[in-house]
Amino acid sequence: MKSFITCSLIAISVMTAHAEPGIGTLPAAQKSATINGSISDAKQIIPKEIYGQFAEHLGTCIYGGLWVGENSNIPNTNGYRTDVLNALKDLKIPVLRWPGGCFADEYHWMDGIGPKENRPKMVNNNWGGTIEDNSFGTHEFLNLCEMLNCEPYISGNVGSGTVEELAKWVEYMTSDGDSPMANLRRKNGRDKAWKVKYLGVGNESWGCGGDMRPEYYADLYRRYAVYCRNYDDNRLYKVASGASDYDYNWTEVLMDRARRQMHGLSLHYYTVKGWSGSKGSATQFDNDDYYWTLGKCREVEDVLKKHIAIMDKHDPQKRVNLLLDEWGTWWDEEPGTIRGHLYQQNTLRDAFVASLSFDIFHKYTERLTMANIAQIANVLQSMVLTNDKGQMVLTPTYHVFKMYTVHQDAMHIPLDINADKMIVRDNRILPMVSATASKDKNGVVHISLSNVDLANEQDITINLTDLKAKTVTGEVLTSKNIDDHNTFDNPNIVNIKEFKGAKLNKGTLQVKLPAKSIVTLRVEN
Ligand code: AHR
């Protein structure tokens, strides 16, 4: 990785005490920040579903990543990779979206039930033309959710399916009565209905999910929503396929025409350079690329605000939730891997995309109630990378998810952060310090801090009024280089370590935050 900062980076200072802005570097005199907040302002819960995951039939996410089958030489538990299963359990995954993505709108669920030898094959047209043998289907997915103790989020086929097909899928999964689909499920070995809450009605219906106009999709959504029934005590939470990034018109039309029929509306936002041409390497980038990435990642805040403003206009009572059910980094595929399989490495840069994103998501949970990173294994910004020799690595992103589990279902403490800012490529403003804080049900306060500055340590003063605490401990994620990543040969290059750089002095926290580091502090009595 090249170690220069290009002239497009202009450091600016927002604190009067800071040095004058310089071109191409941060002001050397200023490496401090202040963070203020009040525990009594903690009124909004951070729903654990903000830490959701997404698993698609794409590349080796399902086959090889989560599932190897009972007869594999790779250690498995009823066909699921045991190493992956154990790693994922530590993330306390609240919800898992499946089977796509684009795949969902070509998936016919009946092909994935019954004896495996009878299941028909299909071509995975979206993702490299790979042959899908349907050996991982409804039972395999819902049983996995039970093992992970998470809510399933089913993405239904609207693009190439029928209302009848989706309605019957719901009946198959959730009906406990003497109904035709419930009896078929029993015949296939599952007596009791599963609980399925989240039902996505199509995916990216403006694109791979049917290339529809929002007006057409809104009507179609309403029709599907009628026939997806609540069986017994199962209550569906229906999610309409939402906009991509900056398509505010899609949200406007959907909210105008179908808000009464939906519980949630989705949104997709990727940290990506663009949809045509190279997206850049996951591991080879310069400082300019790094800072640009974080600027692009943080732009999700503006995008969320604008979609939320449209939703507020149509639904001031905030009855309809916003679900960011795909987000994360999207780089070029690793050289030597199959085209269309979206297998990418994951560096400390990706870890910052995760921490900065969560810091933003926590602020909008009055409307934003779920987020699902793309994807759980071997695809895009994944938690784990696996190979067919039975090896697995935990990515830097995995470690951020783990460090942030403490914020799940905790009360969000709003923060006021004063730190240096930098103007990065494409004229985005990037603060050097990002943070979030919450108070859990036992009164323990957790503060997560990210110092995105590649060169400078930050002296951070944190004042939280009403903080009654005696001890502070912490964990840190950092590495020598920003492009460091974990490999099968070296799986622990980027790893969580104990952090000893925080001190408590009469209710004020003083933190020495190393350059390019992510820290979570635990503050308690
Ligand atoms: O996550 C990969 C793909 O990105 C999904 O299949 C699709 O919904 C989105 O375009």
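**Entry 1: Asn-486**

I started with Asn-486 in this predicted model and asked whether it is buried or exposed. Its relative accessible area comes out at 1%, and since the cut-off for buried is under 20%, I noted Asn-486 as buried. I then looked up where the residue sits: Asn-486 belongs to the loop that runs between E25 and E26.

Next I checked what its side chain reaches. The backbone nitrogen of Val-494 is 2.7 Å from the side chain of Asn-486. On the Pro-491 side, I found the backbone oxygen 3.4 Å from a polar atom of that Asn-486 side chain.

I also pulled the contact list of Asn-486, leaving out residues up to four places away in sequence. Among the residues it touches are Gln-345, Asn-346, Val-393, Leu-394, Thr-395, Pro-396 and His-399. The list also includes Pro-491, Asn-492, Ile-493 and Val-494.

**Entry 2: the two domains**

Those contacts sent me to the domain assignment. Domain 1 is given as 4-43 + 423-524, and domain 2 as 48-409. I put the numbers side by side: Asn-486 falls in the 423-524 part of domain 1, while Gln-345 and His-399 fall within domain 2. Over C-alpha atoms, the centres of domain 1 and domain 2 are 30 Å apart. How many residues does each domain bring to the contact? I read off 47 residues from domain 1 and 44 residues from domain 2.

**Entry 3: buried area**

I looked up the area next. About 3,800 Å² is buried between domain 1 and domain 2, with carbon and sulfur atoms giving 63% of this area. Which three residues supply the most of what domain 1 buries against domain 2? They are Arg-425, Arg-428 and Phe-488, which together account for 20%.

**Entry 4: polar links across the interface**

I found 3 salt bridges across the interface of domain 1 and domain 2. Arg-425 turned up again here: its side chain meets that of Asp-289 in a salt bridge, 3.2 Å from N to O. For polar contacts across the interface, I noted 18 residue pairs, both partners at pLDDT 80 or more.

**Entry 5: the domain 1 side**

Last, I went through the strands on the side of domain 1 that touches domain 2. Strands E21 (428-431), E22 (433-439), E23 (445-451), E25 (471-478), E26 (495-499) and E29 (517-524) each supply at least two residues. E22 gives the largest share, with 5 residues. By residue type, I wrote down 21 nonpolar, 18 polar and 8 charged for this side.

Conventions. Residues numbered from 1 in each chain as written. Predicted model: local features only at pLDDT ≥ 70, side-chain atom pairs only at ≥ 80, totals over all residues. Heavy atoms only, no water. Domains from an automatic or database assignment. Contact = heavy atoms within 4.5 Å. Buried area = accessible area lost by both parts, 1.4 Å probe. Salt bridge = Lys/Arg side-chain N within 4 Å of Asp/Glu carboxyl O. Polar contact = N/O pair within 3.5 Å; in protein donor to acceptor, adjacent residues only side chain to side chain. Helix = DSSP H or I, 4+ residues; strand = E, 2+ residues; numbered from the N terminus. Nonpolar A, V, L, I, M, F, W, Y, C, P; charged D, E, K, R; others polar. Buried < 20%, exposed > 50% of the residue type's maximum accessible area, 1.4 Å probe, protein only.
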